[in-house]
Amino acid sequence: RAWVNFFITAQRREPDAVGRTYAALVDFRGLPTKKNEYGGDGLLLAGTFTKAGKPPDNTPAVRSFYKVAKAFDAIESAGNKKDSSKAKQEWENTRKLLETYLNDVELPGNVKDAVYTP
């Protein structure tokens, strides 16, 4: 459940374990801009791998962030249509892009790595 809230913006509908019904928006991809680009926490992390004075769009981490951020649209669309098989298929496509992004930001590249297990 936490992964869904991290990758796809969703309002908290029920209190958490201590009764909070509010929270800061922690979002990997952020909300799309007018150019249909994303800029969430994932872009902030990717931008840290940019050399000072250089444009961040040329950084492998930033390029892989933009690819993976757009890929989540297909999962969200399948979920909205309640098509679980299509969502699973789209996740498999997106997972590869996510693993590339994780490698580019020097994190373990396999989403099944123990570091990502709650």
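# A tour of the core and the salt bridges

Begin by selecting V68. Apart from neighbours within four places in sequence, V68 is in contact with F28, T94, L97, L98 and Y101. Please keep in mind throughout that this is a predicted model.

Next, widen the selection to the nonpolar core around this residue. The largest nonpolar core holds 17 residues, and V68 is one of those that touch the most other members, together with F28, A46, F65, L98, Y101 and L102. Colour the helices at this point: α3 and α4 each supply at least two residues of the core. The greatest contribution comes from α3, which gives eight residues.

Leave the core and turn to the charged side chains. Side chains of opposite charge can pair when their charged atoms come close. Across the whole structure, a search finds five salt bridges.

Select R29 and E76. Their side chains meet in a salt bridge, with a distance of 3.0 Å from N to O. This pair links distant parts of the chain: R29 belongs to the loop between α1 (2–7) and α2 (41–47), whereas E76 is in helix α3 (residues 60–80), and 47 residues separate the two. Which of the classes buried or exposed applies to R29? R29 counts as buried, because its relative accessibility is 5%, under the 20% limit for that class. E76, at 26% relative accessibility, counts as partly exposed.

Move now to helix α4 (residues 84–104) and select K86 and E90. Both residues lie in this helix, four residues apart, which is about one turn. K86 forms a salt bridge with E90, and the closest N and O atoms are 3.0 Å apart. K86 counts as partly exposed at 35% relative accessibility, while E90 is buried, with a relative accessible area of 14%.

Stay in α4 and select R95 with E92. What separates these two residues along the helix? About one helical turn lies between R95 and E92, because they are three residues apart in helix α4. The salt bridge between R95 and E92 has its closest N and O atoms 3.1 Å apart. E92 is partly exposed, with a relative accessible area of 33%.

For the last stop, add D73 to the earlier selection of R29 and E76. Salt bridges that share partners join R29, D73 and E76 into one network. Displaying these three side chains together places the R29–E76 salt bridge within that network.

Notes: Residues are numbered from 1 along each chain as its sequence is written. This is a predicted model: local features need pLDDT of at least 70, side-chain atom pairs count only at pLDDT 80 or more; totals for chains, interfaces and linings use all residues. Side-chain values use heavy atoms; hydrogens and water are left out. A salt bridge is a side-chain nitrogen of Lys or Arg within 4 Å of a carboxyl oxygen of Asp or Glu. Buried means under 20% relative accessible area, exposed over 50%, partly exposed in between (1.4 Å probe, protein chains only). A nonpolar core is a set of buried Ala, Val, Leu, Ile, Met, Phe, Trp, Tyr and Cys residues joined through side-chain atoms within 4.5 Å. Contact means heavy atoms within 4.5 Å.
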